[in-house]
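Hi everyone, thanks for having me. Let me put the protein up on the screen, and then I'll walk you through it.

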Amino acid sequence: MKKHVKILFKHHLTVWSNFLVEATLQKNAATWLLENNARTTLFYLEAMTYVLATMHDDKKLTKLNERFKLIEDSLGTMDYYAGMINDFKGNKKIPVSIIAHLEVELQTATFKTNALLHEQAWLGKDADRMDKVKQIVRKIDWLSDADFTEQLQRFYQKRITKLTTQLTQPLNEIEAGVHELRRDVRWLSIYPQAFKGFIVLKPARITAQKWNKYLTEEVLGSRFNLLTPADDIVDVLQLNANNFYALSWLIAALGMLKDQGLTWMGLTEAFRAVNNEPLERAQAFALNALGSEQANPDEILTAARMIVAQVKKDGVLSGLVAA
């Protein structure tokens, strides 16, 4: 009997292994991994190890989850600084001294990521992390497809319940509020990709008018929303398609607000670091430099609250798992 979750895990692990092999041939492994979207595979491995550690109560899987998260977070920090540098370089209101400061921050983040890859033994002459991971894989008592899907549904429903409660909490901060909420909601979209074939979409027979605002061309055309059924996986978790598309819309909407907020905060911090100015002056500079399209913090939080209220009203999360 095939145990497809094992096959899936080994697949994602092989993809990550191939990334590492290619990275060893580059002058800068961390930069190459970031530019070639290794983060997506790390998200999948992080998702799988978290779920499997929960199901098997396995400390080694929990530790492995932490290792994947360390690398993904470190690449994320690099991406944060690289994104700001790219956005700011064409802005004449932002002095070159600030760009130079951000480039130093990116260099530091890159150095730390490369160091982490070696410290964690993913790369380097003593790299044996992958061999240790393979040993963990061999020792897992992998569940049958039916048992795994049953536990996956319970896990996924618990995450929905937790997020439903989270949506009732006030959104008063960008980092600890909007950013954290978006990050937590996004996992509901990552799990179906990580466990490809175990989670599928159930199309609606009739699409109620309330869903139309979510069913944008961008959402419907996203490759992350294509949950293709696997012919040889019979026991699956079904999600209502319109709810899942609305979830994708929510992630994108919060993402745009999060990006605006973090960009403003990042420029504020950089201005203060370079000029040693008071916080209020730095915040005002950042808002002015980013131009008329930049929302202020109050506008970002107000928009986020409206989006959350709309999603709650439409029952996006409560109806996500198909009956």
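First, a bit of vocabulary: a residue is buried when its relative accessible area is under 20%, exposed when that is over 50%, and partly exposed in between, using a 1.4 Å probe and protein chains only. By that cut-off, buried residues make up 49% of the 323 residues in this protein chain.

Keep in mind that this is a predicted model, where local features need pLDDT of at least 70, side-chain atom pairs count only at pLDDT 80 or more, and totals for chains, interfaces and linings use all residues. Residues are numbered from 1 along each chain as its sequence is written, and side-chain values use heavy atoms, with hydrogens and water left out.

So what is the chain built from? There are twelve helices and two strands; these are DSSP runs numbered from the N terminus, with helices being H or I of at least four residues and strands being E of at least two. Along the sequence, the order is α-α-α-α-α-α-α-α-β-α-β-α-α-α.

How big is the box that the C-alpha atoms fill? Roughly 65 × 60 × 30 Å, along the principal axes.

Now contacts, meaning heavy atoms within 4.5 Å. Of the contacts with a separation of 6 or more, 81% are between residues 24 or more positions apart.

Let's zoom in on one residue, T268, which sits in helix 10, residues 241–275. Is T268 buried or exposed? Buried, because its relative accessible area is 4%. Leaving out residues up to four places away in sequence, T268 touches L279, A282, Q283 and A286.
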